[in-house]
Amino acid sequence: MPTGYAHFVYSYLDYSSNHTSNLVRLLFIILTHITPMNPGYEYPIVVEGLTRIFKTTRRSGIPDKVAVDNISFNVKKGEIFGLLGPNGAGKTTTIKVLATLLLPTSGKVEILSMDVVGGNEKAIRNRINLVSGGERGLYYRLTGRQNLKFFSNLYNIDKGKQNDLIKGLLETVKLTDAADLKVENYSRGMKQRMHIARALVNNPEILYLDEPTIGLDPEIARDVRSLIRELADAGTTIILTTHYMYEAEELCDRIMIISDGRSAGYGTVSELKALMPDTNVVEIVTSDDPHETVAELSKEHRFTHINTERVGGRYCTRIQMREVGDVISELDPRFSRYGIRKMGYDDPTLEDIYLSLVSSNEESAPVVNRHEH
Ligand SMILES: Nc1ncnc2c1ncn2[C@@H]1O[C@H](COP(=O)(O)OP(=O)(O)O)[C@@H](O)[C@H]1O
Ligand SMILES: [Mg+2]
């Protein structure tokens, strides 16, 4: 026990007179302080200064790629932790190192108190699992139940326990009715739920989900998200990578935003928002596409980000700036020809913050993003 605790306990005893209740209190104090002494229990994932470089051959002339550059974070038990970043940011590389599929170049990674380097791979893999969005990896000619049987055998699950396990997994992912259909006949959402069931066969303490909703219809993606939430509520520690901001905002307890292999922000959604206290947003909804005005505004450096999305036949433009002044009356005439449906100040969303953080990481000029929904 650290001396600090001992001192605390003794001074506590000094102030109290009743010995029996002292003993109970002492036990209570010890029990409540035991967790920090076992960080592997409280933090199943600890990453310190992780770097991963992909070496190229000297002859190719292509420089080595630093895919992950000195990132540090930890994940609490039962937490949903989000790795958020654009394509090529280093999310999959990070997940692969944490799943013992890639070695780190430098830095320290401890999974369930075991170092990923030095012969612990098998012990770690028995207690974790990984789902990658859009992957194959299931046997399409077999039924859902047969797939789960196959993977139970791979993990050497006791034959006598397999039927109950598979029944439970099918219920968890709501595929009981489809259990005896061939996976090739499943919809995309059913396949993705089956991937998750496959990854739950070894009852993993940690589940890595790499873009689990990529390419799914919004409704089906919502089902997958509620399944992820249920798993975390049941105590599974989850790392989720995504480039969908709203998904991270909805699901993740804490987030690391990665840009070009580096951390651009780490914390809860509100902590991330607090990193950019001077982010003000004006939102303008128009009937027509305001791209000409948006192109003009994006040349002005006082507007740090401009982002137009097409939502339900309308155009929603969000303009970020540090100083607001009387900007609304200035913007109004510039957007009026597109048919303004709505215009006003808005609180920054995670997406706004993300755009600020990623671009301040890259130190670039204003970013104009366009999305089609
Ligand atoms: N095996 C590899 N060899 C060389 N470069 C790679 C390899 N895997 C990934 N990279 C590069 O590392 C960077 C990060 O990739 P990745 O981790 O897949 O990003 P993300 O999952 O965030 O899209 C990218 O620039 C990618 O091209
Ligand atoms: Mg990826």
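Here are some short exercises on this predicted model, each with a worked solution.

Residues are numbered from 1 along each chain as its sequence is written, while chains are lettered from A and ligands numbered from 1 in the order in which they are written. Because the model is predicted, local features need pLDDT of at least 70 and side-chain atom pairs count only at pLDDT 80 or more, whereas totals for chains, interfaces and linings use all residues.

**Exercise 1. Find which residues are around ligand 1, and which elements give two or more of them.**

Step 1. A residue counts as near the ligand if its C-beta atom, placed from the backbone, lies within 6 Å of it. The residues around ligand 1 are Phe54, Lys65, Ala67, Gly85, Asn87, Gly88, Ala89, Gly90, Lys91, Thr92 and Thr93.

Step 2. Now turn to the elements: helices (H or I, at least four residues) and strands (E, at least two) are DSSP runs, numbered from the N terminus. Strand S2 (65-75) and helix H4 (91-98) each give two or more residues to this shell. The largest share, 3 residues, comes from H4.

Step 3. Sort the shell by residue type: 3 are nonpolar, 6 polar and 2 charged. Here Ala, Val, Leu, Ile, Met, Phe, Trp, Tyr, Cys and Pro count as nonpolar, Asp, Glu, Lys and Arg as charged, and the others, Gly among them, as polar.

**Exercise 2. Work out the order of the 4 strands in the open antiparallel sheet, and why one side of S2 and of S5 has no neighbour.**

Step 1. Two strands pair if DSSP finds at least two bridges between them. The order is S2-S1-S4-S5.

Step 2. S2 and strand S5 (114-115) stand at the edges with a single partner strand each, so one side of each is left without a neighbour in the sheet.

Step 3. Follow the bridges. Strand S1 (residues 45-54) pairs with S2 over 7 bridges, and 5 bridges join S1 to S4. Val47 makes a handy landmark: Phe73 in S2 stands opposite Val47, and so does Val109 in S4.

Step 4. Finish with S4 and S5, which are joined by 2 bridges. Their hairpin has 2 residues between the strands, and Leu112 takes a positive phi near 50° there.

Step 5. Add the helix: H4 lies across S1, S2 and strand S4 (106-111), running at about 120° to S1. Such angles run from 0 to 180 degrees between N-to-C directions, with axes as lines fitted to C-alpha atoms, for helices over the stretch in contact. Contact between two residues asks for C-beta atoms, placed from the backbone, within 7 Å.

**Exercise 3. Trace the open sheet of 6 strands and name its edge strands.**

Step 1. The order is S6-S7-S8-S3-S9-S10, with mixed pairing.

Step 2. Strand S6 (128-132) and strand S10 (262-267) are the edge strands, each pairing on one side only.

Step 3. Look inside the sheet: strand S3 (residues 80-84) and strand S8 (residues 237-242) run parallel, joined by 5 bridges. Ile80 has Ile238 of S8 as its bridge partner.

Step 4. Helix H9 (residues 218-233) lies across S3, S7 and S8, at about 150° to S8.

**Exercise 4. Find which residues touch the most other members of the largest nonpolar core.**

Step 1. A nonpolar core is a set of buried Ala, Val, Leu, Ile, Met, Phe, Trp, Tyr and Cys residues joined through C-beta atoms within 7 Å. Buried means that 20 or more other C-beta atoms lie within 10 Å of a residue's own, exposed means 12 or fewer, and partly exposed is in between, with C-beta atoms placed from the backbone.

Step 2. The core has 70 residues, and Tyr208, Ile238 and Ile239 touch the most other members. Helix H14 (residues 350-362) gives the most to it, with 6 residues.
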